[in-house]
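Below are some points that I would raise on this model, set out for a colleague who works with coordinates.

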Amino acid sequence: MSIIEEIIFAGKVLYQENLVNSHAGNISVRKGDKIYITKTGAMLGFLKEEDIVEVDIKPSEKDKKASTELIVHRAIYEKTDAKAIVHAHPVNMVALSFKIDKFIPIDSEGKLFIKEVPIIEAKVPSASKEVAEKVSDSLKEYNIVVVKTHGCFIKAENLIKAVNLASDLEYCAKIFRYVRNL
């Protein structure tokens, strides 16, 4: 499967799992000094080849078509060993982020795969230098970070692993909320 096909597949899964709404979230893959990333406003569940752009690891004129979150993706690639990044908006996890500062799953799956997720706060929670710095610094130690009131960034060695972690995170957040409300 090509990088483009992987991104299209990942977008469908994220949308089908309700981890993004019709026009939110973004996906990227790093290959050498290139980043393949979804365009701003691309509908992840219905991606076409032209919805994915190739940009350089360093800022360039090509950046204009890329997701506005490119600043965050680029910082993550520069500071970590990430090969793939998913930025999703899992509803249960975002809801929890309003009330907690760190997410520690209570279910056995979460304890095994997720362990602990920092929740960071930013004045501008989307596509800002502050988010880029805080998220990339957190992802040096963790695989997942949540931006309070906004969504999660997940880094992995491949896109399938990143999508799986996004799904796991939302499942664990849902269990956490259900148990909390019993």
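**Notes on a helix pair, a pocket and a domain**

1. In this predicted model, the axes of helix H2 (residues 70-79) and helix H5 (residues 129-138) cross at roughly 30° and come within 8 Å, where helices are DSSP runs (H or I, at least four residues) numbered from the N terminus and axes are lines fitted to C-alpha atoms over the stretch in contact. The crossing of H2 and H5 is right-handed.

2. From H2, the residues Ile71, Val72, Ala75, Ile76 and Lys79 meet a set in H5 that includes Val131, Ala132 and Val135, contact being heavy atoms within 4.5 Å. Sorted by class, this contact of H2 with H5 has 7 nonpolar, 1 polar and 4 charged residues, with Gly counted as polar.

3. UniProt, in an unreviewed entry, places the feature "domain: Class II aldolase/adducin N-terminal" at residues 5-177, and such annotations may be inferred rather than shown by experiment. The span is 37% helix and 21% strand, strands being DSSP runs of E with at least two residues, and its end C-alpha atoms lie 34 Å apart.

4. Residues are numbered from 1 along each chain as its sequence is written. Local features need pLDDT of at least 70, side-chain atom pairs count only at pLDDT 80 or more, totals for chains, interfaces and linings use all residues, and side-chain values use heavy atoms, without hydrogens and water.

Methods: Axes fitted to C-alpha atoms, helices over the stretch in contact; angles between N-to-C directions. Left-handed = near helix turned anticlockwise from the far one by under 90°.
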